[in-house]
Amino acid sequence: MELDGAPIEVEIDGQMVTLTPEQVQALKEEHERAEEERNARLANLATALYGKRKEAIQGRASSGVEEEWRQAEDAYDGIDDTTRQGDEWRTKPPGQRLPESDSPRSTVLPNITRPYVDTAASKIGDMLLPSDDRAFAISPTPVPELIDAKEDNTEVELSTGTKTTVAQAVQDVLALAKESADAAQEQIDDWLTECQFHGELREVIMDCSRVGSGVIKGPIPEKKAHTRWSKGPDGIFRVERVEKIKPVSRRISCWNLFPDPSCGESIHNGGYIWERDEITGKQLVKLKGLEGYLDEAIDDVLEEGPKAAIHEGEPPQRDGIGSVHGRDSLYQIWYFHGMIERDDLEACGCNVDDDAPEIAGGIAAKVTMVNDRIIRAVMNPLDTGAFPYDVIPYQKVRGRPWGKGLGSHVSVPQRILTAALRAMMDNAGRSAGPQAVVNKNLIKPQNGQWTITPWKVWEPVPNADIEDIQRQAFAFINVASAQGDLMAIVQFALRMAEEITGMPLMFQGQMGVKTPDTLGGMQLLQNNASSTLRRLARLFDDYITEPHIGRYYDWLMQYGEDNKAKGDYVIDARGSSALVERALQNERIMQMAPLVLNPAFGIDPMRWFAEMSKSQHLDPKAFQYTEDERAKLEEQRSQQPPDPRIAAAQMRFEDSREKRQFDAEQRDLDRQHEARLMLFERMIAQEELAGEQSISVDKIKAMLAQTAIKSQTDKELFAAERALKLRTGQGI
């Protein structure tokens, strides 16, 4: 670039610098070389990531889990090889044979998989995700030194100049730590509430029950916008739109997650993980200009159009499951989480901090790709580099992160039931009417139709003998009905389904084959069936609560605005198991109703009512007095004379207590009297046998009579004293 050799002013790093034409040309060539190196790095990085993505896709496919998922989806939708013929099944309800099919066999499919899956998902969701409680708690990390010092009464002087004891100082420190932990728990709970965490987890539990694995993603940054009214200086209220970045959690389909094949039983043990999604061209255009996105790469993608990068590992393309009309116009967008070299990240336009932690020679990053092109690369929002995914299995499978679902467990009873019911329907059709044998050499139908109908006219063929027609023209053969034997197979399949799944049909509101007809038997069966729910609760704690809430804790420590909520805390995930136990104890709470009003048990009726309301998914505060109302009511009661009905009830209660006390004392006197009689009778027998003359038998008998008179007198005096107290009112 020459301009008569005159110097040129250019802007470099925000400053105006005067350069010669030669210097400008050298800078231009250096910029072009840097751009070529950058593009080469981007191309090499895209190629390397493409190889990892292909490896992850092939690794998941070779594990066989995708075929299990397809079978589980078919079982849930009530489809098998008999009822499915390519894609033509979309035109008919599941379980119904196509009209053009000429097969005489029944194709009914009694779907017991769907109610088992729905019941398990709903019951687990109700127990683990109540509206009035949470499945975790945050508490300060215990410090042994502080615990040991709680009994130390040594006097110390604080930095403020005040004096206190070591025990009191420790109590103050623990109270402050507990206050901070409560603030952290409240903040995390607010984040989870804003992103509808319970709703997302219900879908995860449904996926887990249906196909065996559920996936929850989070925390991920998401821009939240809300409006608020603010009063201006002129006194007029105006609408103000506020946008903030907050962490959220989202459920994703297990079909869209591709972990490192070498991860073993936990996706977090792998070196990387991929997530697949779909995006429209309009949404791609909106990404241009946003922070971190490469506008040139997005333009290249839009110019190329949607490319079918890889279609392996996709869910079944049928209505309601992975089916989107016009999906050929959608772009596949892939999200990579793993380690990227610092130079590669900078080549993608990512500003890497100098103090960014490096793990295994790389920096934890997230890369977004469309059409095998990198359109964005950023550092992992969490400095820990943790993957924002959690996978919970319905039943663990050794060596892989994916589990087996309820559909796989009930597959054998489902096949037995389907085969038995189809055989039953075929047998019912054949045995509904007899098989007719017609001798065409003797008769022929008048209308030419060889079907047997009422009032039909048959004509003898020429030279036919009438007697032969009466004996040999027709013969009817009945097909034996095997409904009873086939029903026994049906009952066996239903009983097997209950035993294999560990979920009796009474969980579905039905009387199953193994449902007892007694109250005690039903309670025993329900307690035994709850072992499955306890196992799932422990899996929920290990695979969802601890790692997921732990990442929210890391987010709070890294991005939290309230410093009072920061500290060294422990995530206590015992909530899920406790919630299951509470749900199983709900029936016991209702059975305690007769004991609540008995003061002998010391039960607080208000607390019992609160727990009873929670067991029925009700808010006890909606029924109870407020603090002000209760205070006014107590004041009114104190000013009013006592209710005579209450006084009478109290008198009856005291009278019954006095009577019980008298009866107890009377029984003690009777036992003492009987003991004395037995003692003297034994002494008489001994004297008679020994023949001793020191004490005569008559004297012993006199002593016995005297003792009996004394005991009877004591009883009469006690009864008279009690009657006197009752008359004078002293016993009330």
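Select Gly-212 first: in this predicted model, Gly-212 follows helix α6 and has a positive phi, near 110°.

Step back from Gly-212 into helix α6 itself, residues 197-211. Measure the distance between the C-alpha atoms at the two ends of α6: they lie 21 Å apart, which agrees with the 21 Å that its 15 residues should span at 1.5 Å a residue. Next, colour α6 by burial. Its buried residues are Phe-197, Glu-200, Leu-201, Val-204, Ile-205, Asp-207, Cys-208, Ser-209, Arg-210 and Val-211.

Now turn to the sheet formed by β8, β9, β10, β11 and β12. Selecting these elements displays an open sheet of 5 strands, arranged in the order β8-β9-β10-β11-β12 with antiparallel pairing. At its edges are β8 (257-259) and β12 (373-379), each of which pairs on one side only. On average, neighbouring strands of the sheet are turned by 20° against each other, direction ignored.

Within the sheet, select residues 331-340 and 363-370, which are strands β10 and β11. These two strands run antiparallel and are joined by 8 bridges. To view one residue pair, centre on Gly-338, whose bridge partner in β11 is Ala-365.

Two helices complete the tour. Show helix α8, residues 295-304, which packs on the sheet and touches β10, β11 and β12. The direction of α8 makes about 150° with that of β12. Finally, add helix α1, residues 21-62, which lies across β8, β9 (272-279), β10, β11 and β12. Relative to β9, helix α1 runs at about 95°.

How values were computed. Residues numbered from 1 in each chain as written. Predicted model: local features only at pLDDT ≥ 70, side-chain atom pairs only at ≥ 80, totals over all residues. Heavy atoms only, no water. Pairing = 2+ DSSP bridges. Helix = DSSP H or I, 4+ residues; strand = E, 2+ residues; numbered from the N terminus. Axes fitted to C-alpha atoms, helices over the stretch in contact; angles between N-to-C directions. Contact = heavy atoms within 4.5 Å. Expected span 1.5 Å × (residues − 1). Buried < 20%, exposed > 50% of the residue type's maximum accessible area, 1.4 Å probe, protein only.
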